[in-house]
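Please open the model in your viewer and keep the sequence panel beside it, since this tour moves from one selection to the next and says what can be found at each stop.

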Amino acid sequence: MKIKVIHGPNLNMLGIREVNIYGPMRLENINKNMENFAKQNGFEITFYQSNHEGDIVDAIQESLNEDVSGIIINPAALTHTSISIRDALKAVALPVVEVHISNIATREEFRKKSLISDIVVGTISGFGPFSYHLALIAMIQILNEIKASTQKES
């Protein structure tokens, strides 16, 4: 089974930007840690990062042609503004886990509302880069449950 991780705007600057909020870990390290854990658990994982909303929408839609079983997404600032990302996630109808490094509920007022939180399986935020690891654990559990239920039906 394949999991796709989608990183939104400015996440390519992790380790450089606002280290007091996002920590010193770079995106490459987060991806490498996730890749190692996914492989240990028998999952394939791919990563995509863009600073452009339309490209993220394309990446979500392309998941259907890439045999993706689930999506982990950190839309970053687009979490609070992008109806098109929301619509794309609904259109592909895959299990989605929303992830944020910071706790968006304790940030500025405009960052407290996620436009996707009500359509995803769950949201993990506030645990720094470890939020991604928790999201991966959750997605693996979700996909294993789906796999087990479809095997029972066969």
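The stops below cover a pair of helices, a residue in a strand and a pocket, and the model they belong to is a predicted one.

Begin by selecting residues 53–62, which form helix 3, together with residues 83–92, which form helix 4. The axes of these two helices lie 9 Å apart and pack at an angle of about 5°, and because angles under 35 degrees count as roughly parallel, helix 3 is described as roughly parallel to helix 4. To see where they meet, show the side chains of Glu53, Ile56, Val57, Ile60 and Gln61 on helix 3, and then those of Ser84, Ile85, Ala88, Leu89 and Val92 on helix 4. The residues of this contact divide into seven nonpolar, two polar and one charged.

Next, select residues 96–100, which make up strand 4, and pick out His100 within that strand. Is His100 buried or exposed? Its relative accessible area is 4%, and because buried means under 20%, His100 counts as buried. Leaving aside neighbours within four places in sequence, the residues in contact with His100 are Asn74, Pro75, Thr79, Thr123, Ile124, Ser125, Gly126 and Ser131.

Keep Asn74 selected for the last stop, the largest pocket, which has a volume of about 170 Å³. Of the 15 residues that line this pocket, Asn74 is one of the closest to its centre, along with Tyr22, Ala76, Ala77 and Arg111. If you colour the lining by residue class, you should find seven nonpolar, five polar and three charged residues.

Conventions:
Residues are numbered from 1 along each chain as its sequence is written. This is a predicted model: local features need pLDDT of at least 70, side-chain atom pairs count only at pLDDT 80 or more; totals for chains, interfaces and linings use all residues. Side-chain values use heavy atoms; hydrogens and water are left out. On a 1 Å grid over the protein atoms alone, a cavity is a set of points where a 1.4 Å probe fits but cannot get out, and a pocket is an open set with protein on both sides within 12 Å along at least five of seven lines; lining residues have an atom within 4 Å of a point. Grid points are joined across faces, edges and corners, and a volume is the space filled by probe spheres set on the points. Ala, Val, Leu, Ile, Met, Phe, Trp, Tyr, Cys and Pro count as nonpolar, Asp, Glu, Lys and Arg as charged, and the others, Gly among them, as polar. Axes are lines fitted to C-alpha atoms, for helices over the stretch in contact, and angles run from 0 to 180 degrees between N-to-C directions. Helices (H or I, at least four residues) and strands (E, at least two) are DSSP runs, numbered from the N terminus. Angles under 35 degrees count as roughly parallel, over 145 as roughly antiparallel, 65 to 115 as roughly perpendicular and the rest as oblique. Contact means heavy atoms within 4.5 Å. Buried means under 20% relative accessible area, exposed over 50%, partly exposed in between (1.4 Å probe, protein chains only).
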